[in-house]
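Let's take a walk through a protein model together. Keep the picture open beside you, and find each residue as it comes up.

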Amino acid sequence: MNILGIETSCDETGVAIYSTEGGLLAHALHSQIQLHAEYGGVVPELASRDHVRKLIPLVKEVMQQAGLQSNDFTGIAYTAGPGLMGALMVGAAFARSLGMAWQIPTLAVHHLEGHLLSPLLEDPAPAFPFLALLVSGGHTLLAEVTAIGKYRILGDTLDDAAGEAFDKTAKLLGLPYPGGSLLAKLAEKGDSKRFQFPRPMTDRPGLDFSFSGLKTSALNTIHAHPNDEQTKADIAYAFQEAVIDTLVIKCVRAIKTTHLQRLVVAGGVSANTKLREKLHTKLAANGVELYFPRLEFCTDNGAMIAYAGFRHMQLGQFDTNLEIQVRPRWALEE
Ligand code: KG4
Ligand code: ZN
């Protein structure tokens, strides 16, 4: 079985091939960061147009990498949501049309399922069941994963996603979009003692998150202090510590309530070194198995979509309704 995966939900065009025999045979990615940087955020219309330009060359590239011809493919999986309507439509129309031309089945994949399963591309891969912390630019959630397609949300964010909070605070500190990893870099030079930000929603029961207040803490601190590089680094440090601490506290709580001993962490923010370190000290030291995607698969990519599609198609699941439909808003449990 050879499955082509297509990701176009936001600002990366990702294409990959996953096979029964060889696992991940090929993957290619085009990031639009440069394209959107001057606007300080993703411009949906520009994103769609760029996906149109990049999809065919990237598909050709992965086919060449894998040494496969069109008649070697068993199915095509594509991200149908959540994400930007126009960007999703490009991937959906492309995948469905290619499926028709190659006369093979297609499957609409949930973007967050792709992220959740991305650590399964690694060796060793986590066994089911596991707890998953998904921290991306658009989502922050804790979920119990019992099997492919069996996801129970335990906690969600009430406002900003973790990555979104990183990006917004980075912007306040004068860093270009998307500033998450740049803020983390700046925090390396920060003084750990200078500022203390709250750990939102850790003083009450439950597994939900709220990160928009931290952005306000950062803003108030910026206004109250001189705008020098050291102050910026100190604010970055305090902000990052607050987000990470909050995430770790909720993971510990989720492990206690579910009694699951495996934690999978995925999404763009799972690339954060401090988060990985803190999870290792707090959880791995207490016998919890930890799993992360490799760094390049933390952020959006085609490999995770090819893999999620592969696992579903292995179970005989593919779409019978071939309408080109996308779901910009789509709950993971649906
Ligand atoms: O998963 P992803 O590519 O996008 C969504 O599906 O939303 O995640 C992108 C997010 C951005 O907010 C980016 O700033 C953040 O992940 N990010 C980081 C790091 N690397 C990427 N945040 C904190 N530390 C990092 N090292
Ligand atoms: Zn994503």
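The paragraphs below visit a metal site, some charged pairs, a loop and a surface patch. One thing to keep in mind from the start is that this is a predicted model.

We begin at the metal. Which residues coordinate the zinc ion (ligand 2)? They are His111 and His115, each through its NE2 atom, together with Asp300 through OD, at 2.0 to 2.1 Å. Along the chain, these donors follow the spacing H-x3-H-x184-D. Here distant parts of the chain are linked: His111 sits in helix H4 (residues 111-117), while Asp300 lies 189 residues apart from it, in the loop between strand E10 (289-291) and helix H10 (303-314). Are these two residues buried or exposed? His111 has a relative accessible area of 6%, so it counts as buried, and Asp300 is buried too, with 12%.

Now look at the angles around the zinc ion (ligand 2). Its four donor atoms make angles of 95 to 138°, and the site is irregular. Why does it get that label? Four donors count as tetrahedral if all angles lie between 85 and 135 degrees, and the range at this site goes up to 138°, so the tetrahedral label does not apply. As a reference, the ideal angle for four tetrahedral donors is 109.5 degrees.

Next come the charged side chains. Side chains of opposite charge can pair when their charged atoms come close. How many salt bridges does a search of the whole structure find? The search finds 19, and a few of them are worth a visit. Start with Lys54 and Asp50, whose closest N and O atoms are 3.1 Å apart. Both belong to helix H2 (residues 44-66), and because they are four residues apart there, about one helical turn separates them. The partners have their own surroundings: Lys54 is partly exposed at 23% relative accessibility, whereas Asp50 is buried at 4%.

Another salt bridge joins the side chains of Lys185 and Glu188, at 3.4 Å from N to O, and both of these residues are exposed. Between them in the numbering you can find Leu186, a residue of helix H6 (residues 180-187). Leu186 is buried, with a relative accessible area of 9%. Its C-alpha atom is 47 Å from that of Pro105, a residue 81 positions away along the chain.

Asp203 and Arg204 also meet in a salt bridge, with 3.9 Å from N to O. Asp203 counts as exposed at 71% relative accessibility, and Arg204 as partly exposed at 46%. Salt bridges can also be joined into a network, as they are for Arg199, Glu241, Asp245, Lys274 and Lys278.

From charges we turn to a loop. Asn272 lies between strand E9 (262-266) and helix H9 (273-282), and it is buried, at 8% relative accessibility. What does its side chain reach? It reaches the backbone nitrogen of Leu275, at 2.9 Å.

Our last stop is on the surface. Met85, Met89 and Ile324 form a nonpolar patch there, with about 260 Å² of accessible area together. Of these, Ile324 is placed in the segment after H10, and its relative accessibility of 39% makes it partly exposed. You have already met H10 on this walk, as the helix that follows the loop holding Asp300.

Notes
Residues are numbered from 1 along each chain as its sequence is written. Chains are lettered from A and ligands numbered from 1 in the order in which they are written. This is a predicted model: local features need pLDDT of at least 70, side-chain atom pairs count only at pLDDT 80 or more; totals for chains, interfaces and linings use all residues. Side-chain values use heavy atoms; hydrogens and water are left out. Donors are N, O and S atoms within 2.8 Å of the metal (3.2 Å for Na, K and Ca); water is not among the atoms, so sites may look incomplete. Four donors count as tetrahedral if all angles lie between 85 and 135 degrees; four count as square planar and six as octahedral if opposite donors are over 155 degrees apart and all others between 65 and 115; anything else is irregular. Helices (H or I, at least four residues) and strands (E, at least two) are DSSP runs, numbered from the N terminus. Buried means under 20% relative accessible area, exposed over 50%, partly exposed in between (1.4 Å probe, protein chains only). Patches are made of residues with over 30% relative accessible area and no salt bridge: like charges are joined within 9 Å, nonpolar side chains (Val, Leu, Ile, Met, Phe, Trp, Tyr) within 5 Å. Accessible areas come from the Shrake-Rupley method with a 1.4 Å probe; for residues, only the protein chains shown count as cover. A salt bridge is a side-chain nitrogen of Lys or Arg within 4 Å of a carboxyl oxygen of Asp or Glu. A polar contact is a pair of N or O atoms within 3.5 Å; within protein, one must be able to donate a hydrogen and the other to accept it, and residues adjacent in sequence count only if both atoms are side-chain atoms.
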